[in-house]
Each structure stands twice: as C-alpha cells, then as structure tokens.
Amino acid sequence: MSLYTRFTTHLDAVLDALEADGTLPAGLNRKAVTVEPPRDASHGDLATNAAMVLAKPAGTNPRALAEKIVAQLAALDEVQSTAIAGPGFINMTLTEAVWRTELSALHAEGDAYGRSDIGQGVTVNVEYVSANPTGPMHMGHCRGAVVGDALATLLEYVGHKVIREYYINDAGGQVDVLARSAHLRYREALGEDVGAIPEGLYPGDYLVPVGQALATEHGDRFVGAPEAEWLVAFRTFAVARMMDMIRDDLALLGIHHDVFASEAALQAAGKPDEAEAWLRAHDLVYDGVLEAPKGELPDDWEPVKLPLFRSTQFGDDQDRPIKKSSGAWTYFGADMAYHFQKAQVADQLIDIWGADHAGTVKRIQAAVAALTEGKARFDVKLIQMVRLLRDGEPVKMSKRAGNFVTLADVVGEVGKDVVRFTMLTRKADAQMDFDFAKVVEASKDNPVFYVQYAHARISSLDRRAAEAGIELPVPDLSRLGTEELALVKLAAQFPRVVEGAALTREPHRIAFYLNDLASAFHGWWNVGNDRPEARVILADDPATTSARLFLSRGIGQIIRNGLALMGVAALTEMQ
RNA sequence: GCACCCGUAGCUCAGCAGGAUAGAGCAUCAGAUUCCUAAUCUGAGGGCCAUGGGUUCGAAUCCCGUCGGGUGCACCA
C-alpha cells in the first residue's frame with residue numbers, strides 16, 4: 001500500500017469516527033475528498049480538502065469541521081504536526097521516521113515499488129499500431145506504437161490484465177493494390193522490363209523480394225493470367241510478408257503484440273453479418289440513402305441506397321454505411337464487428353489512432369455502445385502527428401514517391417531508447433517535433449540524456465563505493481538530513497504518479513516525473529561542489545556514506561522502474 | 001458549413017480527474033569546477049493562463065458564447 005493510499009485510509013477512519021459520534025451525517029459522498037502533497041512544500045507533506053468538501057453537506061463551516069478532523073489526525077503516530085490553512089485545508093507534516101521507513105520500503109519492494117492493484121484484474125484490450133500491411137512501418141506509425149505499448153505496460157503494472165492487439169487491415173482495396181504491385185514485381189523477377197512503377201501501385205523496393213519469392217514458387221504461370229486467377233494468392237502471400245516486415249520493425253522498438261487479428265478472417269467467419277443481424281433486430285441498421293458529404297461536394301457524388309447504422313442516435317452527425325453498393329463491407333462495417341468481438345474477450349477497450357482518424361471516432365464509439373448495450377468502457381486515444389526535422393528543416397515524406405522515412409531508419413540512427421523516450425515527452429494530443437539533431441544531443445534540454453545521466457551517476461557511486469570498501473552492512477538512516485529526506489519525498493510520489501498516469505491513461509506523465517526526479521538528484525549531487533561534507537562518499541565517515549548510498553540507490557531504483565514502464569533501458573554509464 | 005483537437009513566460013511545453021502565491025527547460029543576465037562524470041548546479045528577470053459570461057467556498061482546469069490556429073469531413077483505409 002502506498003503512503004498516499006495509507007493516509008487516505010487513515011482519513012477515512014477519522015471520517016467514519018466523526019460519523020459515528022454524530023459530527024458528520026452518515027453517508028456523505030467522499031468522492032471529492034483527496035489526500036495529496038501540497039503544491040508548496042512549506043505547507044507540509046500531505047494536505048486534504050476534506051473539511052472544505054464536506055462542510056456544506058454537513059451543515060457546518062470548513063474551519064470548524066477541520067478542527068474536529070485535525071484533532072484525530074494529530075493523534076496518529078506518523079503525524080508530526082498539523083495545521084489548518086486558507087479556506088480549510090488540513091496540512092500535515094509527517095515525522096522523519098515515516099520517510100526513512102518509506103525509503104526502506106522502496107528498497108524492499110525494488111522493481112515492484114509503484115505497482116498496485118487498482119486495475120483489479122480487469123481485462124483491457126489495447127489495440128495499437130494496426131498499420132496497413134502494405135509496406136514497412138514509417139515514422140508516422142512510431143508515436144502511436146510507443147504510446148500504445150507504454151500504456152499497455154502501465155496498465156499491467158497497476159493490476160490490469162492487458163491484451164496487446166494489432167488489427168490487420170487485409171480485406172480492403174489497399175491490399176488488392178498490394179497484390180497487383182507484387183504481381184508487377186513478380187513479372188520483373190522473371191526477367192520482364194517493367195519500367196517505372198505505374199501510378200496507383202506501391203513503388204517501394206521492399207516488394208522486389210516478394211516478387212522474387214512469388215516467381216520461385218509459381219514460375220511463369222501467372223504472368224499473363226487474368227487477375228482473378230492470382231489476386232487472392234498473391235494478396236495473401238504479400239500481406240504475410242508485409243506483416244513479417246512490420247513485426248521486425250516493431251521488434252526494433254521492443255514492441256510485441258499478443259494478438260494479430262485479421263480483418264479478412266473476421267469477414268470469412270461471418271462476424272460482420274452477425275453484428276448486422278443483431279443491429280437490424282434492434283432497429284439500429286436500416287436501408288437508407290446516404291447523406292451528401294458536408295462541405296464541397298465531390299464531382300461524382302450521387303445518392304445511393306445502403307445499409308446504414310444509426311450512429312446519430314449515439315451522437316454522430318450522420319448515419320454511417322456498413323456496406324458498399326458492391327455489397328462488400330465498408331471498413332466501418334467490419335471494424336464494428338471487430339470491436340464487438342474484442343469486447344467479448346475484454347472488459348475495456350482502448351484504441352490508439354492517428355489524429356487523422358479523428359472523424360471516425362464517434363461512429364465506432366456509437367457502434368460499440370450499441371453492440372455492448374453501453375456496457376464496455378471504450379476509449380479512443382488520438383495521437384497527434386510528429387513532424388520530423390533535420391537541421392531545423394522539416395523532412396519531406398511522400399508515400400507515393402516511396403521516399404518516406406522508415407521507422408527502422410530512425411531507430412537505426414538514434415536508437416530505440418531515444419525514440420521511445422522522446423515519443424513520451426509530450427501529451428499524446430499535442431503535436432510534436434522530432435528533431436534528429438536535438439534528440440541525440442547530450443545536454444539537459446534533452447530529457448533522455450538528463451535522466452540517463454542521473455542514473456549513470458548513481459551507478460558510478462556504487463562503483464566508487466565498492467572500490468572504497470567503506471560501506472556498512474546496515475545503513476543508519478538517521479544520518480539522512482533534510483536535503484536527503486526531500487529526495488525521499490519526491491521518490492515516494494512515484495506510486496502516485498503511476499496511478500495517475502494509469503487512470504488518465506497518460507504515459508507521458510512518467511517521463512515528466514522522471515525528469516523532475518533527475519533534476520532533484522542532480523541538484524543534490526551538486527551540493528557537494530560547494531560543501532565537500534555534503535558529498536555522498538566520505539572516506540572518513542562510513543555511516544553517513546552508507547546512508548547516502550542507500551538513498552542514491554533508492555532514486556536509481558525509481559528511475560529504473562519508471563524507465564521500464566516506458567520501455568527504455570537505464571544506463572550505468574554514459575559514453 | 002459541421003465535427004474534433006489546441007490557445008499557459010520571448011520560444012518549446014508541464015500543470016497531477018477543481019485547491020493555497022501558475023511551474024520546468026531553452027533563450028537573456030549574474031554566479032559555481034584544485035571537488036564522487038560541469039553531459040551538472042545556484043540565483044535573477046520574464047504571465048490579463050486567447051477573450052466574455054456561467055457553475056463553485058475556490059476555475060488554467062468543468063459548462064456556454066466569441067476570436068485565433070490545426071486536423072478531418074465519400075461507399076477510402
């Protein structure tokens with residue numbers, strides 16, 4: 001149980017007691033009651049708003065209520081002093097012993113410090129990446145991949161059961177284009193001069209080996225054959241090869257999905273038909289005429305009658321087609337069934353999407369709400385675009401021209417850890433620049449290095465301590481002074497930060513916290529520049545040295561735990 | 001036209017499910033290295049939290065309007 005959770009429990013007990021003696025009416029809603037560190041450390045270690053929140057429903061005034069609460073909180077062993085401040089805040093200063101104990105707990109729990117069970121084993125399906133299987137991953141996919149993966153790790157860490165899933169869009173027109181592109185490369189592999197790759201086909205070189213493999217397998221028998229004879233086979237083969245590539249790309253980032261779900265397989269299994277039947281039975285799908293698109297009307301637009309899902313009943317602007325006039329499923333029609341399927345395995349769903357799909361969020365949420373009858377929690381997290389910069393200039397990318405920057409290129413250039421950390425240094429819904437020069441820069445405006453440097457310094461202390469051989473087997477933590485305990489207090493916030501990040505599903509909070517922690521550590525370290533007696537390793541004072549090393553390792557542990565959540569390795573020395 | 005996202009220091013961004021005097025880095029200015037890695041640190045200046053209302057004991061945070069920026073808006077995926 002984390003320190004903050006523990007005090008929430010203490011406070012609850014106090015409020016129970018006040019209910020029992022009639023000071024507070026029974027059954028007050030305590031949802032808004034919080035126990036948290038005050039923004040300003042001079043106010044103490046913990047603050048609660050309980051008196052302010054509960055005064056009104058209790059028919060009293062905040063300060064009077066605060067007096068009663070304080071009387072009981074002050075009696076706790078762990079509380080050194082209390083104060084009522086401002087409009088009714090209750091501030092508590094804890095005894096130094098609390099922080100020393102917390103530091104010991106941090107060591108005892110080690111890698112598990114920060115874990116919790118707030119997820120209560122609830123299964124969450126996180127679908128992320130789901131890039132079309134038509135080529136290697138490029139930088140556009142990178143941020144969503146990292147955020148999704150970090151979020152999945154984070155949710156696991158707080159006690160959720162997590163399914164990491166990738167949806168393979170292997171049923172639409174794009175994979176037919178892939179098949180045709182592969183067919184061209186197949187002919188090329190058999191010696192034909194295909195010239196420039198025509199407009200409308202994928203031009204990338206990565207299809208050359210696919211063509212060669214197809215040539216080896218089939219010989220020339222499909223060279224002049226009608227499309228119907230080879231399309232499915234070529235498509236299936238090419239998609240499988242593309243997925244191999246994508247899995248390799250993801251592995252470069254340390255990302256591994258549990259489930260790869262195929263849209264084609266879903267359709268073959270008749271899932272969209274089942275969903276449609278159910279929705280029709282509930283009058284949520286009807287045959288109607290699609291409204292004209294908003295804004296400028298396309299030249300070739302004409303009204304058509306299609307099966308439409310009543311997404312307007314769930315807040316969408318218009319009803320959405322689930323089938324095309326050809327009778328084939330729309331992307332949405334299949335996706336709807338796909339989400340329904342996921343919701344039968346998991347209690348909660350999270351989709352990580354690029355912000356360019358923002359317009360389709362409402363319809364899929366509508367579909368999930370309809371099909372699960374509002375029972376499944378379903379969040380779509382939109383990830384804003386990343387602008388790639390080199391020497392301050394945007395890097396031009398065009399998928400059509402085949403000159404996009406691949407994920408493999410970027411990871412190869414700056415490394416997995418830098419990519420992952422950088423992608424988590426911004427809120428997901430804020431746009432972000434990725435500047436090659438800056439992300440590899442070794443300075444404090446690069447948080448990757450700043451945090452790594454702190455960890456490396458801690459490791460260096462361990463090495464030096466081992467050389468000096470002065471460390472005592474059991475550290476005497478009373479040697480830790482105010483400056484040191486301030487670091488412990490910051491470290492003790494890690495479990496809270498993790499919880500907050502998990503609840504809001506914002507993994508970037510871990511990155512910001514680690515930066516703060518590293519900053520505090522660097523500050524502490526540098527005190528030794530001015531005052532040699534404040535250094536960690538003091539040759540003539542094994543007791544203080546041991547206590548400070550114990551603290552320093554504790555900070556190192558937090559950095560490792562935090563970096564592990566982000567999927568970033570902690571360095572023991574800088575190069 | 002409609003929907004979604006955004007608007008916080010000169011710049012890039014945090015702001016923890018409403019809390020106390022709004023924070024950090026960069027940049028600017030003034031300092032610290034016979035010393036465990038100065039790849040670091042200390043200090044100073046810099047704000048009408050776009051704007052007008054509302055809810056609340058209390059709003060950068062929640063709600064509505066306005067202005068400004070971005071993105072999306074076909075049976076594409």
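# Reading a hairpin, two sheets and an RNA surface

User: In the hairpin of E3 and E4, which residue takes a positive phi?

Analyst: Glycine 86 does, with a phi near 50°. The hairpin has three residues between its strands. This is a predicted model, so confidence comes up further on.

User: How many bridges hold E3 and E4 together, and in which sense do they pair?

Analyst: The general idea is that strands of a sheet pair through backbone hydrogen bonds, either parallel or antiparallel. Here E3, residues 79–85, and E4 pair in the antiparallel sense over six bridges. Two pairs locate the register: valine 79 stands opposite leucine 94 of E4, and serine 81 has threonine 93 of E4 as its bridge partner.

User: What does E4 have as a partner besides E3, and over how many bridges?

Analyst: E2, residues 46–48, is joined to E4 by three bridges, and these two strands run antiparallel. One pair to look at is alanine 47, whose bridge partner in E4 is asparagine 91.

User: What is the order of strands in the sheet that holds them?

Analyst: The sheet is open, with four strands in the order E1-E2-E4-E3 and antiparallel pairing. E1 (35–36) and E3 are at the edges; each has a single partner strand, so one side of each has no neighbour in the sheet. As for faces, in a regular strand the side chains alternate between the two faces of the sheet.

User: Which helix packs on this sheet, and at what angle to E3?

Analyst: Helix H3, residues 62–73, packs on the sheet and touches E3 and E4. The direction of H3 makes about 180° with that of E3.

User: Which strands form the three-stranded open sheet?

Analyst: Its order is E8-E9-E10, with antiparallel pairing. E8 (285–289) and E10 (320–321) are the edge strands, each pairing on one side only. Five bridges join E8 to E9, residues 305–309, and tyrosine 286 has leucine 308 of E9 as its bridge partner. Helix H10, residues 271–281, lies across E8 and E9 and runs at about 85° to E8.

User: Now the RNA. Which residues come nearest to RNA strand B?

Analyst: Of the 67 residues around RNA strand B, the nearest are Lys56, Phe89, Tyr450, Tyr453 and Arg464. On the RNA side, sugar and phosphate make up 64% of the strand B atoms that come within 4 Å of the protein.

User: Which atoms of RNA strand B lie 2.7 Å from asparagine 132 and from tryptophan 525?

Analyst: For asparagine 132, a polar side-chain atom lies 2.7 Å from a sugar or linking oxygen. For tryptophan 525, a polar backbone atom is 2.7 Å from a base nitrogen. Asparagine 526 also places a polar side-chain atom 2.6 Å from a sugar or linking oxygen of RNA strand B.

User: Which elements give two or more residues to this surface?

Analyst: They are helix H2 (50–58), strand E4 (89–94), helix H6 (173–189), helix H16 (447–468), helix H18 (494–504) and helix H19 (508–530). H19 gives the most, with ten residues. By type, the residues of the surface near RNA strand B divide into 22 nonpolar, 26 polar and 19 charged.

User: What are the confidence scores of the model and of chain A?

Analyst: The model scores ipTM 0.93 and pTM 0.94. Chain A averages a pLDDT of 90, and 97% of the residues score at least 70. Among its elements, strand E14 (residues 393–394) has the lowest mean pLDDT, 73, and helix H7 (residues 208–218) the highest, 97.

Definitions and conventions: Residues are numbered from 1 along each chain as its sequence is written. Chains are lettered from A and ligands numbered from 1 in the order in which they are written. This is a predicted model: local features need pLDDT of at least 70, side-chain atom pairs count only at pLDDT 80 or more; totals for chains, interfaces and linings use all residues. Side-chain values use heavy atoms; hydrogens and water are left out. A residue is near a molecule or strand if one of its heavy atoms lies within 4 Å of it. A polar contact is a pair of N or O atoms within 3.5 Å; within protein, one must be able to donate a hydrogen and the other to accept it, and residues adjacent in sequence count only if both atoms are side-chain atoms. Ala, Val, Leu, Ile, Met, Phe, Trp, Tyr, Cys and Pro count as nonpolar, Asp, Glu, Lys and Arg as charged, and the others, Gly among them, as polar. Two strands pair if DSSP finds at least two bridges between them. pLDDT is the predictor's confidence in each residue, from 0 to 100. Contact means heavy atoms within 4.5 Å. Axes are lines fitted to C-alpha atoms, for helices over the stretch in contact, and angles run from 0 to 180 degrees between N-to-C directions.
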